[in-house]
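Biologist: Before I use any of these labels, I would like to hear the reasoning behind them. Please put the structure up and we can go through it.

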Amino acid sequence: MASSNVIGDYKINLTEEEIDRKFNKERTDIHLVSEDFEGYQTLADGDKKALAHLVKGAYHINDVFLRLDHHKNIELRDLLIQHSKDNPLAAKTLRFFNSFNGVEGLDGIRTEPIELFEGVKGADGRAFYPEGLEFVEFKQVLLKLLDKGEKDKVQKILSNRSVVIRDEVDGLKAIDYIDAYSEEFAKAADEFEKAAKVITNKDFAKYLELQAEAFRVADPEIDCKADLIWAELQDTELELTVGREDYNDRFTPKIFEDEELKTRLAEEMITVQSKDDIEIRVGLVNKRGTDLILSFKEHMKDIAKLMPLQDKYSQAIIDSGELKQTMVDVDLVYLSGDYRALRGSITTAQNLPNDDKLAVIRGGGRRNCYHRQVRMSYDKGRQQKIMEQLVDESLHKYFDKEAEHLFVIGHENGHSLGPDDSYKSGLGVYRHTIEENKANIVSISFIDYYRDRGIIDDEMLKKVYVTWAIRHFLQSKPHETKPHRVADLMELNYFTERGAFSWDEQGKLFVDCDKVSKVAREMLEDLVSIQLSKDAEKAKAFIDKYAIWGERYENIVRVYKELGVKNYKELVHPLATRLLHEITSN
Ligand SMILES: [Zn+2]
């Protein structure tokens with residue numbers, strides 16, 4: 001067993017000791033559903049078979065994600081697999097690769113990414129754009145195409161579903177990702193079609209047939225049809241989400257910082273869309289958890305009317321007369337693509353499709369999914385130690401995971417309230433930070449509405465405020481590419497400035513529960529007016545003002561460090577592993 005750090009033409013950046021330390025001491029496992037799980041055992045035979053096909057389909061889509069994420073992901077993964085048998089360092093690096101689901105990633109602590117191979121770095125444009133493409137060149141190509149009257153080509157380059165490659169004639173050209181990765185998509189489509197034949201729920205079967213078609217034919221109209229049915233799936237046994245989100249593309253939004261290009265594209269009526277990643281979630285719908293979430297939903301229409309400045313914009317919830325929103329609490333079986341790229345964080349809930357999708361533009365609904373196994377994985381002893389050092393003792397009794405879940409429900413619902421995407425996209429690279437900040441603050445602004453109507457009690461209201469406040473403890477200065485974390489820092493400073501949060505001389509946080517609601521409504525008005533302005537400069541100024549790091553937060557980081565950080569995650573999915581056995585064993 002020779003442990004060389006050179007494999008093929010590449011050199012592994014980490015030593016065996018470093019990987020052992022990260023994976024043994026600094027790792028938390030997230031355990032997904034196992035074979036003996038009751039919700040699986042009680043499924044009808046057809047649904048059990050369908051579940052196996054869905055997991056296989058998701059497995060194939062992971063390769064599409066890897067290709068979109070980095071030009072070298074597949075090559076280096078295969079190289080690691082090849083060398084794993086007789087090189088322990090390669091085997092350990094492969095485990096790290098699988099945790100990041102890629103050749104590099106942030107770990108949630110350091111501001112620089114961990115790179116598994118020397119010289120192999122992530123790009124702002126991931127692999128959506130050609131290797132080494134600079135913005136200056138990108139801009140020149142787009143302007144030249146516009147001068148030649150090639151509007152369609154430019155629109156295709158700026159589509160959320162295209163991959164851009166170099167082209168001899170025009171410099172760049174776009175290919176729809178379905179065509180670019182047709183082999184992988186077809187394998188997934190085969191599995192979804194097989195699932196459609198055996199699944200017991202007829203609507204779900206219809207959705208699967210359309211989704212399979214959407215994987216075979218590069219046509220957003222088919223995605224739209226599939227999304228419209230998917231968003232209405234409420235009362236089902238199984239869960240499947242094909243996520244397409246643009247958070248990882250940091251290249252396209254640079255257009256909004258370039259006055260000349262931005263103006264020209266607007267004149268030509270071209271829509272600038274950041275590129276979508278792909279990801280799949282497979283699970284089992286949990287009935288009890290879903291009922292709780294639905295009890296919150298009933299009130300969203302009334303809350304929409306309480307939104308600040310609500311006479312200045314229209315909200316889909318109020319206009320359509322009904323809230324087109326389904327919600328499920330899910331026991332997770334398998335994650336693929338960006339969902340399993342554990343780069344410092346993992347999402348606890350999600351509401352799709354996003355505003356840029358045809359189905360939403362045409363008035364279709366959304367489906368909101370909560371991830372039980374993710375929210376339940378936390379270390380109680382460690383949480384207690386953190387509070388002993390960082391939270392006023394009188395508040396310890398209010399830390400509560402169920403309260404955190406209620407806050408997250410409010411956050412997800414918050415994305416459906418306020419100005420729509422036609423406003424938000426004007427904020428360019430700052431839109432996600434402002435939107436996540438808004439969703440948090442919608443949740444906190446209106447949680448007392450549920451107390452006033454007897455859905456939660458006074459005690460639970462306090463628990464939500466305090467638990468939400470403690471959620472803000474950052475394990476490092478947030479990286480600008482992490483909108484949720486930047487939003488957390490902004491909230492810490494905003495609520496501290498206005499006296500809802502205070503800190504004693506030992507750096508312990510106190511939350512004045514009587515002030516939280518008022519301050520939240522002030523911040524919400526600030527955020528909504530920034531979205532209404534469509535002004536990226538205003539968004540930047542607000543972020544610059546409140547995303548201020550300081551001594552107080554360094555103290556939090558110090559406490560976390562002393563307690564040992566657990567910033568690496570590994571997904572353990574026993575049921576999926578068995579269902580995938582046929583594919584992975586040959
Ligand atoms: Zn969010």
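Biologist: Which residues in H18 meet which residues in H26?

Modeller: This is a predicted model. In H18, Arg382, Lys385, Ile386, Gln389 and Leu390 make the contacts, and their partners in H26 are Ile556, Val559 and Leu563. The axes of H18 (residues 380–390) and H26 (residues 551–563) are 10 Å apart, at an angle of about 145°. Their crossing is right-handed.

Biologist: Why are H21 and H22 called roughly antiparallel?

Modeller: The axes of H21 (residues 431–452) and H22 (residues 458–471) cross at roughly 165°. The term applies to angles over 145 degrees, so H21 and H22 are roughly antiparallel to each other. Their axes come within 9 Å, and the crossing is right-handed. On the H21 side the meeting residues are Ile444, Ile447, Asp448 and Arg451; on the H22 side they are Asp458, Leu461, Val464 and Trp468.

Biologist: How do you know that the span of H3 agrees with its number of residues?

Modeller: At 1.5 Å a residue, the 25 residues of H3 (residues 45–69) should span 36 Å. The end C-alpha atoms of H3 are 37 Å apart, which agrees.

Biologist: Is H3 mostly covered or mostly open?

Modeller: H3 is mostly covered, with 20 of its 25 residues buried. H3 also gives the largest nonpolar core its largest share, 12 residues.

Biologist: Which residues have the most contacts inside that core?

Modeller: They are Leu54, Val55, Val333 and Val511, in a core of 140 residues. Leaving aside residues up to four places away in sequence, Leu54 touches Ala195, Leu238, Leu240 and Val282. Another core, of 15 residues, lies apart from the largest one and includes Leu76, Leu89, Phe97 and Leu116.

Biologist: What makes asparagine 101 buried and lysine 534 partly exposed?

Modeller: The count of C-beta neighbours decides. Asparagine 101 has 24 other C-beta atoms within 10 Å, and 20 or more count as buried, so asparagine 101 is buried. Lysine 534 has 17 such neighbours inside 10 Å; exposed would need 12 or fewer, so lysine 534 counts as partly exposed.

Biologist: What is the phi of each?

Modeller: Asparagine 101 has a positive phi of about 55°, and phi of lysine 534 is near 55°. Most residues other than glycine have a negative phi. Asparagine 101 sits in the loop between H5 and S4, and lysine 534 in the loop between H24 and H25.

Biologist: Which residues does a cis peptide bond join?

Modeller: The bond joins leucine 352 and proline 353, with omega about -5°. Proline 353 lies in the loop between S11 and H16.

Technical notes
Residues are numbered from 1 along each chain as its sequence is written. This is a predicted model: local features need pLDDT of at least 70, side-chain atom pairs count only at pLDDT 80 or more; totals for chains, interfaces and linings use all residues. Helices (H or I, at least four residues) and strands (E, at least two) are DSSP runs, numbered from the N terminus. The expected span of a helix is 1.5 Å times one less than its number of residues. A nonpolar core is a set of buried Ala, Val, Leu, Ile, Met, Phe, Trp, Tyr and Cys residues joined through C-beta atoms within 7 Å. Two residues are in contact if their C-beta atoms, placed from the backbone, lie within 7 Å. Axes are lines fitted to C-alpha atoms, for helices over the stretch in contact, and angles run from 0 to 180 degrees between N-to-C directions. Angles under 35 degrees count as roughly parallel, over 145 as roughly antiparallel, 65 to 115 as roughly perpendicular and the rest as oblique. A crossing is left-handed if the near helix is turned anticlockwise from the far one by less than a right angle, and right-handed if clockwise.
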